[in-house]
Amino acid sequence: MKLTLKLFLKCSSCKHENSLKSSATTRIEFVMLEKNKTIDIDCAKCNKRISASVNKIYAKESRLAYFIAGIIFLIGSLLVLIFWSKIISGSKSVMGLYAVALILLVPVWIYIIIKKEDRIRVSTFNHTYVSEEL
């Protein structure tokens, strides 16, 4: 499953941030998908036609990714806490407590991984540029 990246381009007239979505992970891949080094879109605020180089486009971290990560964290934490008493009552040793601690870390790890992957995708897009000469 390939995630879409939310890209932004500021209007030169009104400075409004216009958004577009792409499955590209770098500007080079974006140019290959669009087959053009310039992007033409209409400003959502002033309705002027914006024509800009793909190097002017930038990505931001996704709020949806943070929302999904937060939901997974909350649901995972609640499920672990619900089963926590059953795990502790069945455990007679210190190793059982270590197991509970490790299980509590699973939702945290998932949350951190989702956030990190989104940051990597945004950073990769924002730090690769297309040569103007080609």
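Two strands count as paired if DSSP finds at least two bridges between them. Helices (H or I, at least four residues) and strands (E, at least two) are DSSP runs, numbered from the N terminus. The model is predicted, so local features need pLDDT of at least 70 and side-chain atom pairs count only at pLDDT 80 or more, while totals for chains, interfaces and linings use all residues. Residues are numbered from 1 along each chain as its sequence is written, and side-chain values use heavy atoms, with hydrogens and water left out.

**Exercise 1. Determine the order of the elements and the confidence of the model.**

Step 1. The protein contains three helices and five strands. Read from the N terminus, the elements run β-β-α-β-β-β-α-α.

Step 2. The mean pLDDT, the predictor's confidence in each residue on a scale from 0 to 100, is 83 for the protein, and 90% of the residues score at least 70.

Step 3. Among the elements, strand 5 has the highest mean pLDDT (92) and helix 2 (residues 63-90) the lowest (78). Where pLDDT is low, the predicted coordinates should not be read in detail.

**Exercise 2. Derive the strand order of the open sheet of three strands.**

Step 1. Strand 1 (residues 5-10) and strand 2 (residues 17-22) run antiparallel and are joined by six bridges. L5 has S22 as its bridge partner in strand 2, and K10 has E17.

Step 2. Six residues lie between these two strands in their hairpin, where K15 takes a positive phi near 65°.

Step 3. Strand 1 is also joined to strand 5 (residues 58-59) by two bridges, again in an antiparallel arrangement. In this pairing, A59 of strand 5 stands opposite L7.

Step 4. The resulting order is 2-1-5, with antiparallel pairing. Strand 2 and strand 5 are the edge strands, each pairing on one side only.

**Exercise 3. Identify the elements that supply the largest nonpolar core.**

Step 1. A nonpolar core is a set of buried Ala, Val, Leu, Ile, Met, Phe, Trp, Tyr and Cys residues joined through side-chain atoms within 4.5 Å. Buried means under 20% relative accessible area, exposed over 50%, and partly exposed in between (1.4 Å probe, protein chains only).

Step 2. The largest core has 19 residues, and those with the most contacts inside it are L7, L9, F30, I39, I50, I57 and F125.

Step 3. Two or more residues each come from strand 1, helix 1 (27-34), strand 3 (38-42), strand 4 (49-53) and helix 3 (94-126). Strand 1 gives the largest share, three residues.

Step 4. Contact means heavy atoms within 4.5 Å. Leaving aside neighbours within four places in sequence, the contacts of L7 include F30, I57 and F125.

**Exercise 4. Classify the two aromatic pairs of the structure.**

Step 1. Rings of Phe, Tyr and Trp (its six-membered ring) pair if their centres lie within 6.5 Å; planes under 30 degrees apart count as stacked, over 60 as edge-to-face and the rest as tilted.

Step 2. F8 and Y58 are stacked, at 6.1 Å centre to centre with 25° between the planes. This pair links F8 in strand 1 to Y58 in strand 5, 50 residues apart. F8 is buried at 11% relative accessible area, whereas Y58 is partly exposed at 22%.

Step 3. The ring centres of F73 and Y111 lie 5.9 Å apart and their planes stand at 50°, so this pair is tilted. F73 belongs to helix 2 and Y111 to helix 3, so the pair ties together parts 38 residues apart in sequence. F73 is partly exposed at 29% relative accessibility, and Y111 is partly exposed at 26%.
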